Amino acid sequence: MTDTTVLTLAKEAVKICILLSGPLLLTALLVGLVISIFQAVTQIQEMTLTFVPKILAMILVFILTLPWALKKLVTFTENLILNIPNLKNWSYSNISRNSFTLNGNGAYHNSHPFIFNFQGWKV
């Protein structure tokens, strides 16, 4: 396994982490902002007022995005596991520009055994 392979895998892992944590973090940010504006307008300075709505909103978003998040994680994990045999002697010099071919759906198909295809991401 080369350093390029390790960096590619790490980059994809970070992308997945950011993608999966984004909805929850944005929900917490928006709910906190709305409650802060409400507190400033009404001059209610209760410290615990922000916690319950934030937790409830984050639980709701978690439940709504769980199928999508699981699908992304399963796809990522499957790609990692299926490409373990190809990691031993892999290098970028093994890839030609013709590794990607257009399939019948209008999407690119990976004909090289190692290049991951993360829903359109070509690494």
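**Figure 1. Order of helices and strands.** Which pattern does the protein chain follow when read along the sequence? In this predicted model, the pattern is α-α-β-β-β-β. The protein chain thus contains 2 helices and 4 strands. Helix H1 covers residues 3-42.

**Figure 2. Contacts and surface of the protein chain.** Of the contacts with a separation of 6 or more in the protein chain, 59% are between residues 24 or more positions apart. Buried residues account for 25% of the 123 residues in the protein chain. The area exposed by the protein chain is about 8700 Å². Carbon and sulfur atoms supply 70% of this exposed area.

**Figure 3. The salt bridge between Lys15 and Glu12.** How many salt bridges does a search of the whole structure find? The search finds 1 salt bridge. Lys15 forms a salt bridge with Glu12, and the closest N and O atoms of the pair are 3.6 Å apart. This distance falls within the cut-off of 4 Å that defines a salt bridge between a side-chain nitrogen of Lys or Arg and a carboxyl oxygen of Asp or Glu.

**Figure 4. Setting of Lys15 and Glu12 in helix H1.** Both residues belong to helix H1, and because they are 3 residues apart there, about one helical turn separates them. Is Glu12 buried or exposed? Glu12 is buried, with a relative accessible area of 1%. Lys15, in turn, is partly exposed, and its relative accessible area is 32%. The salt bridge therefore links a buried residue, Glu12, with a partly exposed residue, Lys15.

Definitions and conventions
Residues numbered from 1 in each chain as written. Predicted model: local features only at pLDDT ≥ 70, side-chain atom pairs only at ≥ 80, totals over all residues. Heavy atoms only, no water. Buried < 20%, exposed > 50% of the residue type's maximum accessible area, 1.4 Å probe, protein only. Contact = heavy atoms within 4.5 Å. Areas by Shrake-Rupley, 256 points an atom, 1.4 Å probe, with all protein chains shown as cover.
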